[in-house]
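Q: I'd like to learn how to read a model like this one. Can you walk me through it, feature by feature?

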Amino acid sequence: MPESNSTRSLRLGIAGPVGTGKSSLIATICRALSDELRLGVITNDIYTDEDARFLRSAGVLDPERIRAVETGACPHTAIRDDITVNLLAVEDLERDFALLDVVLIESGGDNLTATFSPALVDAQIFVLDVAGGGDVARKGGPGIARADLLVVNKTDLAPYVGVDVPTMVADARAARDGGEVLALSRTDAASVAELRAWVLRLLAAHRSGFHVPQDPGPMAPHFHADDDGGALHAHADGDHEHSHPGADRTHAH
Amino acid sequence: MPTIVTRIPASATLVMMLADARLPVGGHVHSAGLEPALAAGMPANRVFDYLLGRAHSVSLVEAGTAVVARHVALPATADSVAAGLAAVESAWAARTPSRALREVSRSLGRGYLRLGTRLWPGHPGIDACSAAPSPLSRPVVLGAIAAAANLDAESLVRLVIYDDAQTVAAALLKLAPIDPAIPAGWVLRACGEVDHLVAAIAALTSPDAIPASGAPQTEEWAESHSLTTQRLFRA
Ligand SMILES: Nc1nc2c(ncn2[C@@H]2O[C@H](COP(=O)(O)OP(=O)(O)OP(=O)(O)O)[C@@H](O)[C@H]2O)c(=O)[nH]1
Ligand SMILES: [Mg+2]
């Protein structure tokens, strides 16, 4: 089997809508940790290899350790339904640069429902930015609600886009049932230090076997009322319908 | 861990699974040359001709390669299989002059092999592919999978021809969308046009006998496509 435990890194996915700062966050992590950890990066590109080129030119990591995967017209397929090309790329990187501590995998910028399969990554960060609007965190979605970490990025821009960062962070925490939220700006050293500490904590938990990969899911878990009092469930796929007897009990997906 | 396949499903079932776009081998990044062709100026209203052309040319090379690889991987031990598959791989490479196309096919072959090693571990054909010094092309790996899975040769030929046509049809809906029923009909027609050739190709056993009916223009298109950055599909 190509996957031998001896070379297995911590695989950390970075997802989030287009332009929220995924590549920049990877550059920030590399800058903060490349002295003490052996890192590798996989980018998932939709149309160009721009992300890989940006990261190579940022000079934060040996360019050879940054690889681009082509995802065709389906960036979400490549990180979730058919992860073959990404798995091959990660396994190649882990073999060529053994031993790596962490491989960072950037998803192609997609929409709010795109999350990584837990068969590809051990943990994932979902990135929003203040420029997308203060309401986005409240709108929820699987990545916002259940990624291992939600980053509210570019806080330095908040005054210019009329967003109150503490409110946005509080909304995000509420959407996540108290899960971790980090307000980040690459210009705010304290927030970068928090990000660095989070990655190191995750790596320690991963190595000690405490961290178990979770699937944020393609949809939010939701409540179905029925005669027995209802049940909370999550859907295994994103495009089905189900009927609910009684007009007051229907909901749309 | 995926379940190892022990009891053998019917060829009809295998062929459905292997032809299914949901097969986890990374096929969704390919357009069977359609994006390069359209980018090079082939009009979108010629796609049916393009499909027919492929069915009569590159599809037969691919199908012949897969059939001979299957034959070589059938009864033998891993050692003899390795030499046999290497000969099939060279025969295929000689019929696929574009380096870009060879690379793309070999990366797709790795996706198939990843699946093959999980579903049919220990089969001499699969083991020989895994032990090859460099990745083998998609038709060679597919042939080894056919041997491991007990897929008959005629089904394998039809699979290769159908898969190529359906890849073009699916990519067309992304690149130059039309009523999706139209390319679905083209796929059936193209497969029907070459069905009389299936038995002869399925009977091939020697690398030398693999059809050499390449399509130089698609090779050239693939080469220029590999140098562009603004592309949706790898090839
Ligand atoms: N002001 C500010 N701008 C930032 C910050 N982080 C990233 N940016 C800018 O946001 C833009 C998008 O950043 P990227 O890192 O390319 O975003 P991305 O999510 O990788 O984008 P895609 O891969 O295209 O989806 C760039 O112009 C960055 O310079 C930040 O902390 N503050
Ligand atoms: Mg990016």
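**Reading the interface and the metal site**

A: Sure. Start with who touches whom: 22 residues of chain A are in contact with 21 residues of chain B. Keep in mind that this is a predicted model.

Q: How much area is buried between chain A and chain B?

A: About 1800 Å², and carbon and sulfur atoms give 57% of that.

Q: How many salt bridges does the rule find across the interface of chain A and chain B?

A: A salt bridge needs a Lys or Arg side-chain nitrogen within 4 Å of an Asp or Glu carboxyl oxygen. Here the rule finds three across the interface. One of them pairs Glu70(A) with Arg231(B), at 2.5 Å from N to O. On top of that, look at polar contacts: six residue pairs turn up across the interface, both partners at pLDDT 80 or more.

Q: Which helices of chain A each supply at least two residues of the side that touches chain B?

A: Those are H3 (75–79) and H4 (84–96). H4(A) gives the largest share of that side, seven residues. Sorted by class, the side of chain A facing chain B has 10 nonpolar, five polar and seven charged residues.

Q: Now the metal. What coordinates the magnesium ion (ligand 2)?

A: Look for donor atoms: Ser23(A) through OG, Asp51(A) through OD and Glu106(A) through OE, at 2.1 to 2.4 Å. Along the chain, their spacing reads S-x27-D-x54-E. Asp51(A) sits in helix H2 (residues 50–57) and Glu106(A) in strand S4 (residues 102–106), so the pair ties together parts of chain A that are 55 residues apart in sequence.

Q: Is Glu106(A) buried or exposed?

A: Buried means under 20% relative accessible area. Glu106(A) has 2% relative accessibility, so it counts as buried.

Notes
Residues are numbered from 1 along each chain as its sequence is written. Chains are lettered from A and ligands numbered from 1 in the order in which they are written. This is a predicted model: local features need pLDDT of at least 70, side-chain atom pairs count only at pLDDT 80 or more; totals for chains, interfaces and linings use all residues. Side-chain values use heavy atoms; hydrogens and water are left out. Contact means heavy atoms within 4.5 Å. Buried area is the accessible area (1.4 Å probe) that two parts lose on being put together, summed over both. A polar contact is a pair of N or O atoms within 3.5 Å; within protein, one must be able to donate a hydrogen and the other to accept it, and residues adjacent in sequence count only if both atoms are side-chain atoms. Helices (H or I, at least four residues) and strands (E, at least two) are DSSP runs, numbered from the N terminus. Ala, Val, Leu, Ile, Met, Phe, Trp, Tyr, Cys and Pro count as nonpolar, Asp, Glu, Lys and Arg as charged, and the others, Gly among them, as polar. Donors are N, O and S atoms within 2.8 Å of the metal (3.2 Å for Na, K and Ca); water is not among the atoms, so sites may look incomplete. Buried means under 20% relative accessible area, exposed over 50%, partly exposed in between (1.4 Å probe, protein chains only).
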